[in-house]
Amino acid sequence: MALSAEGTIVVARTPREVLELVLDLDRYRLADRKFGRIVSLERRGNRGVVRYSGRLRGLPTPVDTQEIELVPWSRLTFRSVPSRWPGSIAAFEGLFTCEETAQGTSVLHRESFTFARPLAPLAEAFLGRWFAEEMRRELARLAEMLR
């Protein structure tokens with residue numbers, strides 16, 4: 001079962017400026033407060049790997065390893081690397097798409113968590129409404145950072 005949230009903003013910046021800000025994870029943490037400590041970030045061209053811990057509704061999460069893929073300058077994805085140990089409780093996928101419009105750049109942002117079966121109903125009940133609201137707040141903070 002996946003728990004997803006999505007939103008769109010329009011900003012007076014180029015798609016490149018938007019996606020470069022998101023790729024600057026130390027800076028982007030100001031918008032996305034689900035980021036905890038960034039353990040490592042390796043980037044080679046349009047691909048990379050990040051390891052970080054997070055916070056969901058204030059609760060710390062284990063360190064997750066995610067692959068990053070950039071399609072310059074229209075799409076950026078983050079995907080959890082499948083765990084090699086059986087204790088994995090969730091996988092994450094994040095997406096940003098940018099499209100130039102007459103009003104500026106339209107930014108679509110979507111995040112999804114897929115929780116292990118026994119936790120899925122509990123996670124949805126505990127995080128569902130908060131997750132949707134946090135997406136709205138994250139996009140508002142991102143828009144403010146891009147002013």
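1. Glu42 is partly exposed, with a relative accessible area of 43% (partly exposed lies between buried, under 20%, and exposed, over 50%, using a 1.4 Å probe and protein chains only). Its partner Arg44 counts as exposed at 55%. The two side chains meet in a salt bridge at 2.9 Å, N to O (a side-chain nitrogen of Lys or Arg within 4 Å of a carboxyl oxygen of Asp or Glu).

2. A word on the basis: this is a predicted model, where local features need pLDDT of at least 70 and side-chain atom pairs count only at pLDDT 80 or more, while totals for chains, interfaces and linings use all residues. Residues are numbered from 1 along each chain as its sequence is written, and side-chain values use heavy atoms, with hydrogens and water left out.

3. The salt-bridge count comes to 14. Arg110 pairs with Glu6, their closest N and O atoms being 2.7 Å apart. Arg110 sits in strand β8 and Glu6 in strand β1 (residues 2-11), so the pair ties together parts 104 residues apart in sequence (strands are DSSP runs of E, at least two residues, numbered from the N terminus). Arg110 is partly exposed at 33%, and Glu6 is partly exposed at 47%.

4. Glu17 and Arg13 also form a salt bridge, at 3.7 Å from N to O. Glu17 is partly exposed at 33%, as is Arg13 at 28%.

5. Do look at the network too: salt bridges link Glu133, Glu134, Arg136, Arg137 and Arg141.

Technical notes:
Helices (H or I, at least four residues) and strands (E, at least two) are DSSP runs, numbered from the N terminus.
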